[in-house]
Amino acid sequence: MYRDLGEAMQAAGKRCFEGWNRGGYNRSNMSDTTLRENGGKTADTNENFATGSNQQQRYSPVEIEPKWQARWDANATLYAAEGHDSGKPKYYCLEMLPYPSGQLHMGHVRNYAIGDALARHMWMRGYNVLHPMGWDAFGLPAENAALKNNTPPRDWTLANIAAMRKQMQRMGLSYDWSTEVTTCLPEYYRWNQWFFVKMFEAGLAYRKKSKVNWCPDCQTVLANEQVIAGRCWRHEDTIVEQRDLTQWFLRITKYSDELLDGLEKLDGWPEKVRTMQRNWIGRSEGALVDFAVDGEVKAPGCAKITVFTTRVDTIFGATSIQVAPEHAVAKAFASEDAGLAAKIEGLLAEQQRAREAGDVGAIEKHGVNTGRFAVNPFNGERVPIWVGNYILADYGTGAIMSVPAHDERDFEFAQKYGLEVRRVIAPKAGGDEPTLPYTAEDDAVLVGSGEWTGLGCVEAQQKMAAFAQANGFGTATVTYRLKDWGVSRQRYWGTPIPMVYCENGHPGLEAGGVVALPESALPVVLPPQVDITQQGGSPLGRVEEFVNTICPVCGGPARRETDTMDTFVDSSWYFYRYTDAKNSTAPFASEKVNYWFPIDQYIGGVEHAILHLIYSRFWTKVMRDLGLIKNDEPAERLFTQGMVIKDGAKMSKSKGNVVSPDLMIERYGADATRMYALFAAPPDRDLEWQEEGVAGISRFLSRVHRIVTKYADTAKDAGPVSGEQSATGQKLLRKLHQTIAKITQDFSGRWHFNTSIAAIMELVNEIVASEAAIDAGEVSAAAIAEVSRNLVLMLAPFAPFFAAEMWEQVGGEGVVFRTNWPVADEELARESEIEIPVQVNGKLVNVVKVPAGSDEAAVKTAALGDEKVIARTEGKSVVKVIVVPGKLVNLVVK
């Protein structure tokens, strides 16, 4: 059974598809491909398909597609958006821009085919469409290519862009190339620098020394979001190291709450993506509590240990304090005890290995008792201070209170080291003591907790946090997993950071202090010739003429920042630049952005949920606060397409399993190639690559070509449908308008283009089945024309070259994908008969046909009168007849 009508529709279409596909295919030249049809007939049999004496020409994409591409290339405004005063509703359709690695593969084609079909459909629906494309052109692969091929990164990148643009044009993708953006060009990255300066002035860009993620292969820093399972996001087998470096950061944490709360408004985004972002932001409500260190501590600032807890209601059950190996108090104790210092170093080494393996949470928990104590401020109890290898210095405060009775991790640690387990939370309902650790919060109360005993956990958390604040040893607070975005990268091929360090200093600035460059000094252009070694820090640091400059404030000697920006800066705002790509005085004109934004539909992979998508949301909010834009979020709707799978793995260059669209186009044509990518699976699910499927789509288009050209002259001369139609004519028109309704719904809703194409296949089957009646004159010319013309229009978003050729054949005027989308006629689409399953005691016996709109009595009569039903119920008594109108009949018999 099928889960829904769409799935059943696709299954029906695939049966047709597989029937054509079994015919085999010739891989040598598309114009010579055998086009097998019903009964084994082929285009090579010289069958007289057309009415009259002229032999029908075969479908030849090698002739059709270049012809139409040349015409479209000659029309510079074909894909251009109209002015804001067009009077049409706007529609911004966007696929994520690619990295110019050199060649597209079928994984790319699937993504772009989805967006292209949508853009063409929206043009046909009367929208003013913006459909741009650009290049995420900075990045490490260009430096790797420079090392390998002795080719400057700029030359390698621009050559790849030219090659990929040519591929996209050959695919017939409907991009407005006048809005093209290339992020490695100064006219783009000068605005990265401009934004950086604005953020610096607003306190959102700052510099600090911190522990950072370092990829030995990339020879650069990675943001937290770029470390996946302890490995580099670009080098899946490379373990990321931890280093202490002074870096530039963007204060994304200022927007933590807004980034989190805004997810509730993004109804058009997949819940999976929103959940991933919620988890990454990681908001936790709790309390900060100070435990005073008992006894003297020589190191300054170590007289107390501040812990963050989400369960301050359990603090009477705290039986130890545990700090990270790098916590200031741990270091202070270690400085006074060499033996303890060695043990703490051992814990730190274990933690480092766990970080590099990518899962600190799975570390085998080890700890060291320092022999020192801290004082619980709520009850005055002295509790031992331990150092734990699973406590992270950069998470929370780097210290926790351990409550073994009510936390699974603390319980495991206490069992291992024989620490006290003290229960202070109990079920509200009473009864037997719960199994420990008991972690309930709702329907639980405090016990053994002084004046708070008997309170519910949630109420106690509020009151105890307030008590801590009133008495000066704590406060209610909120923490986040999200950390500020480290954007410094020690490589050449990226945006130079527009800051200098004044060597002598000047009033208000110490020697070596940082100074932002004025707008007049932008862009800071990358030097064209640099020795790239990926060793010894940033390559820019070895270019004296780049490094040595003057301070824009005092005119004295200064040194340029030699780090470049994380390439995710480039992709955080590129879609705004598309609206005003040639602006040389500003990143964009606000009025243009305010017209086009938010993006109506954004399309890309779910792997970008944390990196690109959260950064771009942050950048949008910064630009809004700078007064540049009005929108709060970049995109109203997000669609994450499934992957293309080949040989059991995601199609990718690194895995060596890519399939070039060029080869598929050479064999089967661009339309068949892109149409297969839309048909083979629902767009949100993975697609298992099969070249035979492309061949099958090619044969389907051959069949449509034969039918449309056969009746082209009839379609050209016929008027609109009117009056009574024959039974065959009515059946054809009914199927046509059902198909129009189905595809219109698919574009408006869940985007099941696979079932849309399956519906077109079903319509084509109906036409083929009616050919004899059509040829006998039983179908009016008007009906033939309406079916032919609308069939072509429905194919236009999926197979634009083919549709353009067929539109010309049937006498269509203008550009096919700028022609109005057909509108379904509900009356013509309504079935004259419907099929009703009949069950006996819940088991299907047969399906009966009844006139559409039949009342319950008529349906019951038809069911009881069916021969198979009579046979199944013979000799039995019909106790009850259940009729579900329009759905089924169930007979209960004994």
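Helices H4 and H5 are roughly perpendicular to each other, and I'll start there. This is a predicted model. The angle between H4, residues 140–149, and H5, residues 153–170, is about 110°, which falls in the range of 65 to 115 degrees and therefore counts as roughly perpendicular. Their axes are 8 Å apart, and the crossing is right-handed.

Which residues make that contact? On the H4 side they are Pro-141, Ala-142, Ala-145, Ala-146 and Asn-149. H5 contributes Pro-153, Trp-156 and Thr-157. Sorted by class, the contact of H4 with H5 has six nonpolar residues, two polar ones and no charged ones.

Next, the loop between strand S3, 134–135, and H4. Asp-136 sits in that loop. Is Asp-136 buried or exposed? Its relative accessible area is 15%; the cut-off for buried is under 20%, so Asp-136 is buried. Leaving out residues up to four places away in sequence, Asp-136 touches Leu-97, Pro-98, Tyr-99, Pro-100, Thr-183, Thr-567, Asp-570 and Ser-571.

Last, the nonpolar cores. The largest has 191 residues. Within it, Trp-485, Phe-575 and Tyr-602 have the most contacts. Helix H3, residues 106–124, gives the most to this core, with 11 residues.

Take Phe-575 from that list. With residues up to four places away in sequence again not counted, Phe-575 touches Tyr-92, Leu-94, Phe-597, Ile-599, Tyr-602, His-612, Ser-616 and Pro-634. Tyr-602, then, is one of the residues touched by Phe-575.

Apart from the largest core lies another, of 44 residues. Its members include Ala-287, Val-293, Ile-315 and Leu-347.

Conventions. Residues numbered from 1 in each chain as written. Predicted model: local features only at pLDDT ≥ 70, side-chain atom pairs only at ≥ 80, totals over all residues. Heavy atoms only, no water. Axes fitted to C-alpha atoms, helices over the stretch in contact; angles between N-to-C directions. Helix = DSSP H or I, 4+ residues; strand = E, 2+ residues; numbered from the N terminus. Parallel < 35°, antiparallel > 145°, perpendicular 65-115°, else oblique. Left-handed = near helix turned anticlockwise from the far one by under 90°. Contact = heavy atoms within 4.5 Å. Nonpolar A, V, L, I, M, F, W, Y, C, P; charged D, E, K, R; others polar. Buried < 20%, exposed > 50% of the residue type's maximum accessible area, 1.4 Å probe, protein only. Core = buried A, V, L, I, M, F, W, Y, C linked by side-chain atoms within 4.5 Å.
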